[in-house]
Amino acid sequence: MAGYHTRWVRPETQIHDPERVAIREALAFGKALYDRRTALGLSVAELAERADMTEDEIECIEEGGTTPTVALLRHLAAALDADVRITSGDDLDSLWFEAHAA
């Protein structure tokens with residue numbers, strides 16, 4: 001391919017690579033958990049206690065090391081007094097926890 005350089009253009013095959021998508025989803029999950037936890041003023045230890053999880057498990061999620069599952073999202077949403085919101089796509093803002101309506 002003439003004029004192609006990997007530093008200028010990302011090949012289309014990389015954008016939709018399932019492994020890369022899974023990584024972006026895990027990072028979005030971690031960011032959403034961190035954002036909601038800090039908005040509530042909770043420490044990792046406090047959230048771990050609320051969610052009946054270990055601090056290491058919470059930290060692993062926040063670092064993007066855990067693939068989100070429906071069951072885990074529901075479990076954490078309950079611990080965060082929130083609903084889970086998901087949009088199409090897999091960018092960092094495609095998943096978030098939203099406070100329950102008052």
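A residue is called buried when its relative accessible area is under 20%, exposed when it is over 50%, and partly exposed in between (1.4 Å probe, protein chains only). By that yardstick, Arg50 is partly exposed, because its relative accessibility is 43%.

The model looked at here is a predicted one, so local features need pLDDT of at least 70 and side-chain atom pairs count only at pLDDT 80 or more, while totals for chains, interfaces and linings use all residues. Residues are numbered from 1 along each chain as its sequence is written, and side-chain values use heavy atoms, with hydrogens and water left out.

Now for the charged pairs. Side chains of opposite charge can pair when their charged atoms come close. A salt bridge here is a side-chain nitrogen of Lys or Arg within 4 Å of a carboxyl oxygen of Asp or Glu, and the structure has six of them.

Arg50 takes part in one of these, with Asp81 as its partner and 3.7 Å between the closest N and O atoms. Arg50 sits in helix α3 (residues 44-51) and Asp81 in the loop between α5 (70-79) and β1 (82-86), so this pair ties together parts that are 31 residues apart in sequence. Helices (H or I, at least four residues) and strands (E, at least two) are DSSP runs, numbered from the N terminus. Asp81, at 40% relative accessibility, is partly exposed.

Another bridge stays inside one helix. Lys31 and Asp35 pair up with their closest N and O atoms 2.8 Å apart. Both belong to helix α2 (residues 18-39), and because they are four residues apart there, about one helical turn separates them. Asp35 counts as partly exposed at 33% relative accessibility, and Lys31 counts as partly exposed at 32%.

A further salt bridge joins Asp83 to Arg85, where the closest N and O atoms are 3.8 Å apart. Asp83 is partly exposed with a relative accessible area of 28%, and Arg85 is partly exposed at 33%. Lys31, Asp35 and Asp93, meanwhile, are joined into one network by salt bridges that share partners.

Some charges gather on the surface instead. Glu55, Asp56, Glu57, Glu59 and Glu63 form a negative surface patch; patches are made of residues with over 30% relative accessible area and no salt bridge, with like charges joined within 9 Å and nonpolar side chains (Val, Leu, Ile, Met, Phe, Trp, Tyr) within 5 Å. One of the patch members, Asp56, is part of helix α4 (residues 55-62). Asp56 counts as exposed because its relative accessibility is 59%.

Note on methods
Accessible areas come from the Shrake-Rupley method with a 1.4 Å probe; for residues, only the protein chains shown count as cover. Lys and Arg count as positive and Asp and Glu as negative; His and the chain ends are not counted. The place of a charge is taken as NZ of Lys, CZ of Arg, CG of Asp or CD of Glu.
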